[in-house]
Amino acid sequence: KNQNLKVITLTNGSASNTRTLLKKNKLEGLIDCCLSIENFKVWKPHKNVYLKACKFMKTNPKNSLMIAAHGWDINGAKLAGLKTAYITRYEKKISNFYLKPDYIGENSFEIVSKLFI
């Protein structure tokens, strides 16, 4: 947020559930917008959901970064032309089946620290 970046969530679940989770973890002030496939009627990892999210946020996919803990999510975002960062905490290792992420870290804090060093 200190870098004047837009930070959003993008989920296959409901945006209201995401907002509840963010509030419960005292993170809601760090997020500009919670988006869901409910907004776009396209399921992730189809590349159009990522492109529609970028269009909604008025950002160029090439200047956007998707941080995710699922290989399929990384792959969909890469196919849409976004930069990607893979969090290893959940799946531990991304399958060779998927496109390689631009960044890898154990959690979001580690990813962000790699971006601004």
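**Exercise 1. Place Leu-65 in the fold and state which surface patch it joins.**

Step 1. Leu-65 sits in strand β3, residues 65-68. Strands (E, at least two residues) and helices (H or I, at least four) are DSSP runs, numbered from the N terminus. This is a predicted model: local features need pLDDT of at least 70, side-chain atom pairs count only at pLDDT 80 or more, and totals for chains, interfaces and linings use all residues. Residues are numbered from 1 along each chain as its sequence is written, and side-chain values use heavy atoms, with hydrogens and water left out.

Step 2. Check exposure. Leu-65 has a relative accessible area of 32%, so it is partly exposed. The cut-offs: buried is under 20%, exposed is over 50%, partly exposed is in between (1.4 Å probe, protein chains only).

Step 3. Find the patch. Leu-65 joins Leu-5, Ile-67, Val-112 and Phe-116 in a nonpolar surface patch of about 380 Å². Patch residues have over 30% relative accessible area and no salt bridge; nonpolar side chains (Val, Leu, Ile, Met, Phe, Trp, Tyr) are joined within 5 Å, like charges within 9 Å. Areas come from the Shrake-Rupley method with a 1.4 Å probe; for residues, only the protein chains shown count as cover.

**Exercise 2. Show how the buried residues of helix α3 are arranged.**

Step 1. List them. In α3 (residues 47-57), Val-49, Tyr-50, Ala-53, Cys-54 and Met-57 are buried.

Step 2. Look down the axis. The buried residues of α3 fall within an arc of 140 degrees, so they line one face. The arc is taken from the directions from the helix axis to the C-beta atoms. An α-helix has 3.6 residues a turn, so residues three or four places apart point the same way.

Step 3. Find the partners. The buried residues of α3 pack against β1 (8-11), β2 (33-36), α2 (37-40), β3 and α4 (71-79). Contact means heavy atoms within 4.5 Å.

**Exercise 3. Find the salt bridges and say what each pair links.**

Step 1. Count. The whole structure holds 3 salt bridges. The criterion is a side-chain nitrogen of Lys or Arg within 4 Å of a carboxyl oxygen of Asp or Glu.

Step 2. Take Lys-44 and Asp-73, at 2.9 Å, N to O. Lys-44 is in the loop between α2 and α3 and Asp-73 in α4, so the pair ties together parts 29 residues apart in sequence. Both residues are buried.

Step 3. Take Asp-102 and Lys-78, at 3.1 Å. Asp-102 is in the loop between β4 (83-87) and β5 (103-105) and Lys-78 in α4, so this pair ties together parts 24 residues apart in sequence.

Step 4. Take Lys-114 and Glu-110, at 3.8 Å. They are 4 residues apart in helix α5 (residues 108-115), about one helical turn.
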